[in-house]
Every structure is written in C-alpha cells, then in structure tokens.
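Visitor: Hello! I am new to this structure and would love a close look at one part of it. Could you take me to the pockets, and then show me what surrounds them?

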Amino acid sequence: IADIMNVPLMQQRYTGKPPMRAGLAHPSIAPYGAFETKDARKILISIQNEREWSKLCADVLGNPEIATDAMYNKPDLRVKNRQKLDQLISDNFKKFLIEDLKSKLLETGIAFGELNSVEGLMNHPVLRSVSYKNENGVEVIAAAPATIETGTDQRTRMENVPRLGEHTDKIIAEFGGNSKL
C-alpha cells in the first residue's frame, strides 16, 4: 500500500520537506483539483501531461496562448503558480453548466470526474445496493460490498444481522469450547 504514497515519499526524500496538504489538489501536478461550475456543482480535473495541458487551454479554456505563457509553460511552473492558474480555470469553468463542461472535457480527452454530494452518490445510476434486516427486523439498504470472487463463482453476499447471542453456541463449539459452562 506504500506505493500510493510514492509522490510524497519522493518529495520528502529528494527535497527534505514533506509536501503541503493539498485537499483535492495534487502536491506536484497542476492543474489538478475541483472547480465549481455555473450551476454550483464541482468537477475535478487532472492534467497529467503537455498534450492534455495544450488541449485544456485551447479547447476548453478557449485560449491556446495560456499553454505557452511563461508562468505556465512547464509543469513545475504550473505548480509554482498554482494559485493564479487555479483562479484562471475557476473563472472559466464558472461560465459552464456542468453537463456542458463534462461534454467538452470528454470530447477533448481530458480526465475529469464530477464530485457528488452524498445524495448524489445515493442517486447515482450505477450504485449497487443491497438490503438486509437488522436485529430488530427492520430493512436496511446499504451500498453493496465488493464482489467476492472465488474461481468462477462471483457473488455478493449480505445476510441479516443476527440477534444478540443467536450464534453464540455455534461459534463456541466451532472453537472447541462448551457453551454450557
């Protein structure tokens, strides 16, 4: 799991300083973060290379000169000038309704994702849900757990919550004990 920490580890190792906390931004990539749209929804972009940077400037921001501006023409300069760059992108994204911006980003080949509220997650069309009964017999609906794969068998298993003590004897016996003691 440490490999997900490679960027901060390398920053610490090679600069002697830990990266600053950046929320949804990335400590060593810019632009990378969530920006609000005209309809007050948020979209996260992640510009990973110069092709994406040029396409973002020309096709989304509508200003190809930004890509070659001396403040932003190299990845380290974009990180150094993140505050101004983020403001420039923020001002531009606020001109778009989210669905229009998503279409434009998709058409342009820019990595993005819409940030959902918890309600947005609850209503997401691909969210899988399961239901079960709690110890009082009340039905509970929850996000489905990860699918369990064993060979060719794929299944999601969700059982009712047991009543207190319902399986005590079985568990004690499984471990060689005597529940009657």
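Guide: Gladly! The largest pocket has a volume of about 330 Å³. Please keep in mind that this is a predicted model. Which residues line the largest pocket? Walking along the chain, you meet Gln11, Thr15, Lys17, Pro18, Pro19, Met20, Arg21, Ala22, Ala25, His26, Pro27 and Arg82. Sorted by class, this lining holds 6 nonpolar, 3 polar and 3 charged residues.

Let us pause at one of these lining residues, Gln11. Gln11 sits in helix α1, which covers residues 6-15. Is Gln11 buried or exposed? Its relative accessible area is 18%, and buried means under 20%, so Gln11 counts as buried. Setting aside neighbours within four places in sequence, Gln11 is in contact with Gly16, Lys17, Pro19, Pro27 and Ser28. Among these partners, Lys17, Pro19 and Pro27 also appear in the pocket lining. As for Ser28, it lies 17 residues from Gln11 in sequence, with 8.7 Å between the two C-alpha atoms.

Now for the second largest pocket, which has a volume of about 180 Å³. Its lining is made by Val7, Pro8, Met20, Arg21, Ala22, Gly23, Ala25, His26, Pro27 and Tyr32. Here the classes come to 7 nonpolar, 2 polar and 1 charged residues. Several names are familiar by now: Met20, Arg21, Ala22, Ala25, His26 and Pro27 belong to this lining and to that of the largest pocket.

Tyr32 makes a handy stepping stone, as strand β1 spans residues 32-36. Further along, a search of the whole structure finds 2 aromatic pairs. One of them joins Phe35 and Phe93: their ring centres are 5.7 Å apart and their planes meet at 70 degrees, so this pair is edge-to-face. Because Phe35 belongs to strand β1 and Phe93 to helix α4 (residues 82-93), the pair ties together parts that are 58 residues apart in sequence. Phe35 is buried, with a relative accessible area of 5%, and Phe93 is buried too, at 0%.

The other pair is Trp53 with Tyr72, also edge-to-face, at 6.5 Å centre to centre and 65 degrees between the planes. Trp53 is in helix α2 (residues 50-60), while Tyr72 is in the loop between α2 and α3 (75-80), so this pair links parts 19 residues apart in sequence. Both Trp53 and Tyr72 are buried.

Helix α2 also leads us to Thr108, a residue of helix α5 (residues 98-108). Not counting residues up to four places away in sequence, Thr108 touches Arg51, Lys55, Asp59 and Val60. Thr108 is buried, with a relative accessible area of 6%. Its side chain reaches the backbone oxygen of Lys104 at 2.7 Å.

Our last stop is Leu44, in strand β2 (residues 42-46). Its relative accessibility is 22%, so Leu44 counts as partly exposed. Beyond its neighbours within four places in sequence, Leu44 is in contact with Leu24, Gly33, Ala34, Ala111, Phe112 and Gly113. Leu44 and Glu114 are 70 residues apart along the chain, and their C-alpha atoms are separated by 6.1 Å.

Methods. Residues numbered from 1 in each chain as written. Predicted model: local features only at pLDDT ≥ 70, side-chain atom pairs only at ≥ 80, totals over all residues. Heavy atoms only, no water. Helix = DSSP H or I, 4+ residues; strand = E, 2+ residues; numbered from the N terminus. Buried < 20%, exposed > 50% of the residue type's maximum accessible area, 1.4 Å probe, protein only. Contact = heavy atoms within 4.5 Å. Phe/Tyr/Trp six-rings, centres within 6.5 Å; stacked < 30°, edge-to-face > 60°. 1 Å grid on protein atoms, 1.4 Å probe; cavity = no way out; pocket = protein on both sides within 12 Å on 5 of 7 lines; lining within 4 Å. Points joined across faces, edges and corners; volume = space filled by probe spheres on them. Nonpolar A, V, L, I, M, F, W, Y, C, P; charged D, E, K, R; others polar. Polar contact = N/O pair within 3.5 Å; in protein donor to acceptor, adjacent residues only side chain to side chain.
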